[in-house]
Amino acid sequence: MATKQYTEQEIEAILNSLDRVEKASPNPFFYTRLMARMQSSEDNIWSRILQFITKPVFAVGIALVFLLINMYILLNQYSGSVDQAEESTQTLALEYTSLTATIYDNNTETP
Amino acid sequence: MTEQYLIDQLKKGDETAFREIVETRQGMVYNTILGFLQNAEDAEDVTQDVFIKVFESVHQFKGESAFSTWLYRVSVTTALEYLRKKKRKKRFAFVTSLFGDDQNPLHDPPDFVHPGVQLDNRENARMLMGTLKKLPENQRVAFTLHKVEGLSYQEVADVMQTSVSAIESLIHRARQNLKKMLSNYYLQEK
């Protein structure tokens, strides 16, 4: 019982150990270091760009854009290829009939 | 120069106003962040991050709360973001260590003692700071702001944008959890 009471007192002392804590402050010349850091981050624009490019969100976004472009081209090509095939058949037929002279074409008798 | 004047000047990008704000508030921001991070070097880096954020986003401060409340909010958010990032890095380091690439091990320094603690209270404070890390995030924020930064319940409520009764409840639960964890520790020791 006495041990339990002692433990409770100890725990209470631990919980109150930060009650009269003095405020900590950063090392001297904090502002100078802060300005140096702000200056360097302003100068280093390329590293910011690189940081942005290497983000997974950017990579996934670019991959999605490529995927969409590919799908668009593929769909357009497929729908266009049917018309093209039909058109080429017609052209061929036309050319064939106009260029190849038949026997009837050569021996035409005029009245 | 009044605080409102300094803020107005800072919104215009005035460097003198920025310097004045940094010089007067650096202790407050650093002490708050140190309470969460428990590492002096990291705390200084994150304090710099906070002031860079303040410089870049002071136009977001509409004056609905006190400037110090807004600054506490930015400090707490930045400190918690840093801790989450560190946790993620640790997990990632564990994964890379499985593949044999663990050249930069990330670990917390085991015994942090707040520099403002009295000499005779150091051991108790060390134990409390160590146990604080295990609390849920909102309980930890409320307890740290109240104990380390010495804010009243009303001020903590303003920073956390909640009611005073909610803060009372959070701090009460934090104390209960800390008691439980510390008594478990004592039971194991004895």
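Here is a short chat about chain B of this predicted model and its contacts.

Biologist: What makes α3(B) close to the expected span of a helix?

Modeller: Helix α3 of chain B covers residues 40–57, which is 18 residues. The expected span is 1.5 Å times one less than that number of residues, and this gives 26 Å. From first C-alpha to last, α3(B) reaches 25 Å, so the value is close to the expected one.

Biologist: Why is B:F51 called buried?

Modeller: A residue is called buried because 20 or more other C-beta atoms lie within 10 Å of its own. B:F51 is buried in α3(B), so it meets that cut-off. The buried residues there also include B:A43, B:V46, B:V50 and B:V54.

Biologist: How do you know that the two domains of chain B touch?

Modeller: The assignment gives domain 1 as 1–108 and domain 2 as 110–190. Residues are in contact if their C-beta atoms lie within 7 Å. Between the domains, 14 residues of domain 1 are in contact with 11 residues of domain 2, so yes, they touch. On the domain 1 side, α2 (15–37) and α4 (67–98) each give two or more residues. By class, that side has 5 nonpolar, 7 polar and 2 charged residues.

Biologist: And which element of chain B gives the most to the side that touches chain A?

Modeller: That is α2(B), with 8 residues. The contact takes 31 residues from chain B and 20 residues from chain A. Besides α2, the elements of chain B giving two or more residues are α3, α5 (122–132) and α8 (164–189).

Biologist: What classes of residue make up that side of chain B?

Modeller: There are 14 nonpolar, 11 polar and 6 charged residues.

How values were computed:
Residues numbered from 1 in each chain as written. Chains lettered and ligands numbered in written order. Predicted model: local features only at pLDDT ≥ 70, side-chain atom pairs only at ≥ 80, totals over all residues. Helix = DSSP H or I, 4+ residues; strand = E, 2+ residues; numbered from the N terminus. Buried ≥ 20, exposed ≤ 12 C-beta atoms within 10 Å, placed from the backbone. Domains from an automatic or database assignment. Nonpolar A, V, L, I, M, F, W, Y, C, P; charged D, E, K, R; others polar.
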